[in-house]
Amino acid sequence: KGGENIASPARGPFNTGGLYGERNGWYLPTYNATSWKAVTLPNRWSSSGVGWYRTSFTLNLPANMDVPIGLHMSDATYNYQALIYVNGWLMGRYWNTVGPQTTFSLPRGILNVNGTNTIAIAVWGLGAQSGGLGQVSLTSYGAYA
């Protein structure tokens, strides 16, 4: 979609993998997802394919502290891969049955430590007839002065 005019020229073509949602900018913080159905995690759907999840949150971390933040994913119920976008940047790929990585570092500069952040996760259900997303949470690695 768009040929040379990709959804995010600043991030470039290597920030996406060619999914329909990527070509249409669903991972970008400016995308309007108000028409999307609200769900709670874990969430499971009964068809194969790709599903998208989005959420926004606000951080207000102390200016005189270094508080490393990570995004943690956990589940073991069904087989899927996920692409993790933070504020429009591809930050990791998760495969729940392969591992070992379950926590992805969200560095300052990508993560807005004093403002609003958007996480978008594209989930590719690898089961013959199912997909979905397990638990997702933010975690702190500590607080350092």
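Buried means under 20% relative accessible area, exposed means over 50%, and partly exposed is in between, using a 1.4 Å probe and protein chains only. With that term in hand, we can start looking around. This is a predicted model, where local features need pLDDT of at least 70, side-chain atom pairs count only at pLDDT 80 or more, and totals for chains, interfaces and linings use all residues. Residues are numbered from 1 along each chain as its sequence is written, and side-chain values use heavy atoms, with hydrogens and water left out.

**View 1. The protein chain as a whole has 1 helix and 9 strands.**
Helices (H or I, at least four residues) and strands (E, at least two) are DSSP runs, numbered from the N terminus. Following the sequence, you meet the pattern α-β-β-β-β-β-β-β-β-β. The protein chain has 145 residues, and 37% of them count as buried. Contact means heavy atoms within 4.5 Å. Among contacts with a separation of 6 or more, 72% are between residues 24 or more positions apart.

**View 2. Tyr-80 and Tyr-94 are both buried.**
Rings of Phe, Tyr and Trp (its six-membered ring) pair if their centres lie within 6.5 Å; planes under 30 degrees apart count as stacked, over 60 as edge-to-face and the rest as tilted. A search of the whole structure finds 9 such aromatic pairs. One of them is tilted and joins Tyr-31 and Trp-36, with 5.8 Å from centre to centre and 55 degrees between the planes. Tyr-31 is partly exposed because its relative accessible area is 25%; Trp-36 also counts as partly exposed, at 26%. The aromatic pair of Tyr-80 and Tyr-94 is tilted too, with 5.9 Å between centres and 55 degrees between planes. Tyr-80 belongs to strand 4 (residues 80-86) and Tyr-94 to strand 5 (residues 89-95), so this pair ties together parts that are 14 residues apart in sequence. Elsewhere, ring pairs link Tyr-20, Trp-26, Tyr-27, Tyr-31, Trp-36, Trp-52 and Tyr-85 into a cluster.

**View 3. The largest nonpolar core holds 24 residues.**
A nonpolar core is a set of buried Ala, Val, Leu, Ile, Met, Phe, Trp, Tyr and Cys residues joined through side-chain atoms within 4.5 Å. Which residues touch the most other members? They are Met-73, Tyr-80 and Val-123. At least two residues of this core come from each of strand 2 (49-60), strand 3 (69-74), strand 4, strand 6 (103-106) and strand 7 (114-125). Strand 4 gives the largest share, 4 residues. Beyond four places in sequence, the residues that Tyr-80 touches include Met-73, Tyr-94, Val-123, Trp-124 and Leu-133. Apart from the largest core lies another core, of 7 residues, among them Tyr-27, Leu-83, Ala-120 and Ala-122.

**View 4. An open sheet is formed by 3 strands in the order 6-3-9.**
Two strands pair if DSSP finds at least two bridges between them. The pairing in this sheet is antiparallel. Strand 6 and strand 9 (135-140) stand at the edges with a single partner strand each, so one side of each is left without a neighbour in the sheet. From one strand to the next, the twist averages 25 degrees; such angles run from 0 to 180 degrees between N-to-C directions, with axes being lines fitted to C-alpha atoms (for helices, over the stretch in contact). Strand 3 and strand 6 are joined by 4 bridges. Look for Ile-69, whose bridge partner in strand 6 is Leu-106.

**View 5. Thr-118 lies in strand 7.**
Is Thr-118 buried or exposed? Thr-118 counts as buried because its relative accessibility is 5%. A polar contact is a pair of N or O atoms within 3.5 Å; within protein, one must be able to donate a hydrogen and the other to accept it, and residues adjacent in sequence count only if both atoms are side-chain atoms. One such contact, of 3.3 Å, joins the side chains of Thr-118 and Ser-56. Beyond four places in sequence, Thr-118 is in contact with residues including Pro-29, Tyr-85 and Asn-87. Asn-87 sits in the loop between strand 4 and strand 5, and the side chain of Asn-87 reaches the backbone oxygen of Ile-110 at 2.7 Å.

**View 6. Asn-114 also belongs to strand 7.**
Asn-114 counts as partly exposed, at 44% relative accessibility. The side chains of Asn-114 and Asn-60 share a polar contact of 2.9 Å, and the side chain of Asn-114 reaches the backbone oxygen of Leu-61 at 3.0 Å.
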